[in-house]
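Here's a quick briefing to read alongside the model. Have the structure open and follow along topic by topic.

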Amino acid sequence: MTDRVVGGAAVDRALPPFAILASGRGSNLAALCSHDDLRGACVGAIVSSEGAAAAQRAAAAGIPVATVARGGHASRADFDASLASQLRDWGAEWVVLAGFMHILGDGFLAAFSRRVVNIHPSLLPAFPGLHPHRQALAAGVSESGCTVHLVVPGAVDGGPIVAQSAVPVLAGDDEQSLAARVLAAEHDLYPRTLRTLLSTGG
Ligand code: GRF
C-alpha cells in the first residue's frame, strides 16, 4: 500500500508482522507468500507436524519454519503456550490460519484478540466444520465458495465474516472437483483480504 511520498518518491508502509499456522499441504500459505508485500510481512510459519508439505513450501518461500506438535504437549493449554511463545519470539502481531487443524484455546485467542484470521472452504455460516464440500453437495446448493473470518472464542468457523467468494456448483461435481474450484477462489481471496485487514488494522 502506498500511502505517503517522501522526497518525491512513493514509500510503501510496511504491513504489520504476521505468522502462518498450517498443518497440511500449504497451498494457501504458498498463495499468500507469492505476493511480495505479504511475503515481506510474514515472520514465520508454524507447522503442527514435521512432515507437513506446508513446511517445505514455507522454506521454499524463505520463511522461518517451526514445528509445534500437539502430541508433544500434555494439554491444549501447553500447546497454546508453545505456539504463543514462538509467535512472540518472531514478533508476530497477527496469526493467519491456513489449514491449521487444531482448535485454539480462549486464552490464546484473547492474547491475539481480533487478530487471528482463518479461511474456510464454504460460504459460512453454511457448512462449518469438517467436509464442507461433502455437506454442500449433500444439501444440493447451486453455489459454494470460501469465507475469510476472524477467529473468536467459542465458535469454530463462527467468528465475524470478513470476506467471501462464491463459485458455482456444477452438475456432475464431486467433492474433489468442487474442492478444486473453491481452492482456486481461496488463493485469490485470502491474499486480497489479508492485505486489507493488515493495512487497515482489522
Ligand atoms: C483449505 O481448503 C482451507 O480453506 C481449509 O483448509 C484447507 C487448507 O488447504 N481451512 P492448504 O493446506 O492451504 O492447501
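Let's start with a helix pair: helix 6 passes helix 7 in a right-handed crossing. Keep in mind that this is a predicted model. From there the notes move on to the nonpolar cores, some backbone oddities, and a handful of positions in loops and in a strand.

**Helix 6 against helix 7**

- Helix 6 covers residues 132–139 and helix 7 covers residues 175–200; their axes come within 9 Å and cross at roughly 115°.
- Angles of 65 to 115 degrees count as roughly perpendicular, so that's the label this pair of helices, 6 and 7, gets.
- On the helix 6 side, the residues making the contact are H133, R134, A136 and L137.
- Their partners in helix 7 are E175, L178, A179 and V182.
- Sorted by character, the residues of this contact come out as 5 nonpolar, 1 polar and 2 charged.

**Nonpolar cores**

- The largest nonpolar core has 38 residues, and the members touching the most others are F18, I20, V117, Y190 and L194.
- Helix 7 supplies the largest share of this core, with 8 residues.
- Apart from that core lies another one, of 18 residues, including I46, V68, F108 and F112.
- If you want one residue to click on, try V117: leaving aside neighbours within four places in sequence, its contacts include W94, V95, V96 and L97.
- V117 is also in contact with V148, H149, L150 and V151.
- Rounding out the V117 list are Y190, L194 and L197, and of these, Y190 and L194 are also among the core members that touch the most others.

**Backbone oddities**

- Check omega between L124 and P125: that peptide bond is cis, with a value near 15°.
- P125 sits in the loop between strand 7 (116–120) and helix 6.
- H131 is found in the loop between strand 7 and helix 6 too, and it has a positive phi of about 55° despite not being a glycine.
- With 39% relative accessibility, H131 counts as partly exposed.
- R114 is another non-glycine with a positive phi, this time about 60°.
- You'll find R114 in the loop between helix 5 (106–111) and strand 7.

**Loop positions**

- A171 belongs to the loop between strand 9 (161–168) and helix 7.
- Is A171 buried or exposed? At 85% relative accessibility, A171 counts as exposed.
- A171 and S142 are 29 residues apart along the chain, and their C-alpha atoms are separated by 9.1 Å.
- G51 is in the loop between strand 4 (42–47) and helix 3 (53–60), and at 67% relative accessibility it counts as exposed.
- For G51 and A74, 23 residues apart along the chain, the C-alpha separation is 21 Å.
- G158 lies in the loop between strand 8 (143–150) and strand 9.
- The relative accessibility of G158 is 46%, so G158 counts as partly exposed.
- G158 and L124 are 34 residues apart in sequence, with 7.8 Å from C-alpha to C-alpha; L124 is the residue on the N-terminal side of the cis bond to P125.

**S144, a position in a strand**

- S144 is part of strand 8, and at 1% relative accessibility it counts as buried.
- What does S144 contact, leaving aside its neighbours within four places in sequence? The list takes in P121, S122 and L123, then A136, then S165, A166, V167 and V169, and finally L178.
- Two of those names should ring a bell: A136 and L178 also belong to the contact of helix 6 with helix 7.
- S144 and P121 are 23 residues apart along the chain, while their C-alpha atoms are separated by 8.2 Å.

Methods: Residues are numbered from 1 along each chain as its sequence is written. This is a predicted model: local features need pLDDT of at least 70, side-chain atom pairs count only at pLDDT 80 or more; totals for chains, interfaces and linings use all residues. Side-chain values use heavy atoms; hydrogens and water are left out. Axes are lines fitted to C-alpha atoms, for helices over the stretch in contact, and angles run from 0 to 180 degrees between N-to-C directions. Helices (H or I, at least four residues) and strands (E, at least two) are DSSP runs, numbered from the N terminus. Angles under 35 degrees count as roughly parallel, over 145 as roughly antiparallel, 65 to 115 as roughly perpendicular and the rest as oblique. A crossing is left-handed if the near helix is turned anticlockwise from the far one by less than a right angle, and right-handed if clockwise. Contact means heavy atoms within 4.5 Å. Ala, Val, Leu, Ile, Met, Phe, Trp, Tyr, Cys and Pro count as nonpolar, Asp, Glu, Lys and Arg as charged, and the others, Gly among them, as polar. A nonpolar core is a set of buried Ala, Val, Leu, Ile, Met, Phe, Trp, Tyr and Cys residues joined through side-chain atoms within 4.5 Å. Buried means under 20% relative accessible area, exposed over 50%, partly exposed in between (1.4 Å probe, protein chains only).
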